[in-house]
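Open the model in your viewer and follow the stops below in order. Each stop says what to select and what is found there.

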Amino acid sequence: MCALGIVLLLSIIAVCSPMIAGTKPIVCKYKGNLYFPCLSYFNADWENPVFHKDKFRKRYPKNLKEKDPESWAIWPLVFQDPYRPVRDNEWEERPGNPYSEGSPSRLNLFGTSKGVDVFASMVHGTRIALLVGFVSTGIAAAIGVMVGAIAGYFGGWVDIIISRIIELVMCVPSIVLILALMALIEKPNIWIMMAILGLTSWTGMARLTRAEFLKLKESEFVAAAKSIGAGRFRIMFRHILPNALAPIMVPIVFGIAAAIKVEAGLSLLGFGAPPPNPSWGTTLNAGMTNYTEWWQIVFPGIAIFITILAYNLIGEGLQEATDPRLADPKD
Amino acid sequence: MAGYLIRRVLLGLLTLLLITMAVYGLIRMMPGDPLATDAAMMNPEKMPSAEDLQRMKAVYGLDKSVPEAYIHWLGNMFQGDFGSSFAEKKPVLDVIGARVVNTLKLTVPSLVLAYLFAIPIGLFSTARSGKADERLVGVVLYMLYAIPSFIAALFLQLLFAVKLEGTAFELPLMGIKGDEYESLTDVQKAWDQLSHMILPVISFTYVSLAYYSRFIKANMEEVIRQDYIRTAKAKGLGPVRIMIHHAFRNTLIPFVTLLGLSLPALLGGAIILEQVFNWPGMGQLYFRSILTRDYPVIMGLTLALSVLTLLGQLFADMLYAFVDPRISYK
């Protein structure tokens with residue numbers, strides 16, 4: 001339950017990230033109209049053209065006051081930007097971020113990384129971390145279960161061909177495959193990365209599904225289903241899959257955690273979502289070049305740890321709930 | 001059995017052919033070539049002339065089309081010639097050979113340590129399932145499993161190399177040996193090497209330790225609910241005998257798969273960890289050769305790792321028949 005709470009909290013942080021940390025107002029009244037400039041953190045195109053026309057240049061506090069004294073705005077909880085350092089007096093009487101040695105302080109809760117506030121990057125990085133986990137594992141699970149089920153159930157030539165394909169993909173270590181695929185793309189973005197992660201991590205699930213199907217298709221309940229004339233796909237997905245699900249659930253949920261881990265690792269290598277995209281791994285990468293600025297390692301490290309821990313716990317809970325064999329009281 | 005083996009080997013060769021073909025195609029499709037990533041080429045004063053560039057391309061075999069170049073590589077490979085590294089200007093086998101030992105230094109101790117601890121922990125957790133001490137062990141393993149190895153590595157570095165700097169517990173931040181290694185006595189040399197190994201080996205070991213012991217426990221939990229365990233209990237066998245003879249043996253099949261799968265990791269090392277520790281092993285070589293588009297090295301490494309993976313799978317399948325008399329290859 002606690003783990004679910006953590007993932008829920010992370011999701012809320014991810015959705016509300018521009019309201020927690022940002023330099024754009026959540027709501028503002030400007031020249032008689034209401035605007036929501038903070039939404040442009042989700043998608044740069046959502047910034048209302050009026051601010052572009054009035055040459056705000058992403059400096060809201062001063063411009064709002066100067067260009068429309070009547071304006072008002074509700075600001076994010078923390079006035080920091082995940083993409084750029086905040087300069088002196090951007091907010092009245094407020095000093096800018098130190099470029100180096102910006103240890104955690106009242107203004108920079110988690111310190112700064114080359115002038116960019118670590119807290120803001122991490123809050124916005126939550127979005128990427130959660131998305132990567134869900135999307136890439138979803139892709140991987142869909143491919144893996146489908147391929148494994150077909151190979152295991154049909155056996156014979158189908159199995160041999162699919163097994164060879166699985167072997168083929170498995171032979172190349174996934175991180176190498178990911179790096180090679182990432183190197184292929186001139187302008188990688190986070191979506192391409194998720195797709196690549198998904199396309200390279202289904203083999204384990206496929207093998208496991210195949211093994212389970214091989215085992216279960218000989219069992220009596222399958223013979224019984226066949227004898228009453230159930231179709232192949234009905235047997236595969238209605239009869240065998242639920243029984244095979246418990247062992248398959250383990251790699252799937254750990255897969256979410258693994259995807260988050262790989263994303264952080266790739267960003268650590270400098271292969272991740274290209275800067276200035278805020279990602280936990282990118283901050284780690286900056287920390288690796290300067291070990292004395294410990295806050296760039298400790299805070300993202302703890303965030304990744306908590307996220308992965310929460311997913312693992314959920315996986316465990318799911319596994320216990322879905323496995324009828326574990327429901328029996330122990331004798 | 002022999003027929004099965006021959007079939008597997010032939011299939012393995014086909015797999016290798018397909019993999020090398022796919023990887024060769026993949027790396028040649030990457031934007032940029034080795035000449036463009038060479039630092040010396042970036043210098044505008046030393047920009048090579050068009051003819052020079054053409055000549056160099058011919059030397060590196062880049063003037064050929066992709067299929068042609070692949071067949072060329074394949075032909076040379078069968079004669080034992082894997083080409084020369086573009087970056088280091090040395091034969092690929094020498095470049096890889098120099099790295100293998102470094103990686104083995106990390107992976108062999110960590111694999112042994114992981115298995116040495118994982119089996120007892122897994123058995124212990126099953127035996128004491130649900131009790132307070134098992135829960136504690138479970139929680140600790142959980143925590144460990146949730147920290148990616150590279151983050152653990154960074155934390156360890158922060159603790160032992162930065163925070164404890166100047167104390168007796170100080171360990172080197174990265175690298176494989178100290179700066180003044182050559183001037184040390186033999187004992188000091190041994191310590192120098194060992195101290196550089198400690199942090200990477202810990203980082204390598206603990207994730208697999210957590211994973212293996214949880215894996216064993218999960219499988220054991222399933223097995224000890226079987227009827228034959230109840231029968232064994234009813235016969236009056238002791239808990240130790242039931243655990244090891246009747247239960248653990250039946251979890252060996254998935255365990256053997258795991259063993260087979262860990263073989264390539266033994267040589268492949270870990271790209272991220274080796275990068276974090278600046279460890280001159282295979283993983284780092286792979287990473288660098290992808291960055292510098294060092295085609296012959298990428299191909300050599302891919303081939304080596306693929307052969308190992310296939311061997312690991314074959315080895316696992318052979319072991320199946322050994323640990324489970326129900327399985328036979330006829």
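Begin with chain A and select β2(A) and β4(A), which pair in the antiparallel sense over three bridges. Strands here, like helices, are DSSP runs numbered from the N terminus (E, at least two residues, for a strand; H or I, at least four, for a helix), and two strands pair if DSSP finds at least two bridges between them. Within this pairing, show Val27(A) with its bridge partner in β4(A), Ile74(A).

Before going further, note that the model is predicted: local features need pLDDT of at least 70, side-chain atom pairs count only at pLDDT 80 or more, and totals for chains, interfaces and linings use all residues. Residues are numbered from 1 along each chain as its sequence is written, chains are lettered from A and ligands numbered from 1 in the order in which they are written, and side-chain values use heavy atoms, with hydrogens and water left out.

Next, keep β2(A), residues 27-30, and add β3(A): three bridges join these antiparallel strands. Cys28(A) has Tyr35(A) of β3(A) as its bridge partner, and Tyr30(A) is matched with Asn33(A) in β3(A). The two strands make a hairpin with two residues between them, and Lys31(A) in the turn has a positive phi of about 50°.

Now show the three strands together. They form an open antiparallel sheet in the order β3-β2-β4. Which strands stand at the edges? They are β3 (33-35) and β4 (72-74) of chain A, each with a single partner strand, so one side of each is left without a neighbour in the sheet. From one strand to the next the twist averages 20° (axes are lines fitted to C-alpha atoms, and angles run from 0 to 180 degrees between N-to-C directions).

Last, select the interface. Here 49 residues of chain B are in contact with 44 residues of chain A (contact: heavy atoms within 4.5 Å). About 4,400 Å² is buried between the chains, 75% of it from carbon and sulfur atoms; buried area is the accessible area (1.4 Å probe) that two parts lose on being put together, summed over both. Across this interface the rule finds zero salt bridges (a side-chain nitrogen of Lys or Arg within 4 Å of a carboxyl oxygen of Asp or Glu). On the chain B side, select helix α1 (residues 2-29), which gives the most to the surface touching chain A, with eight residues.
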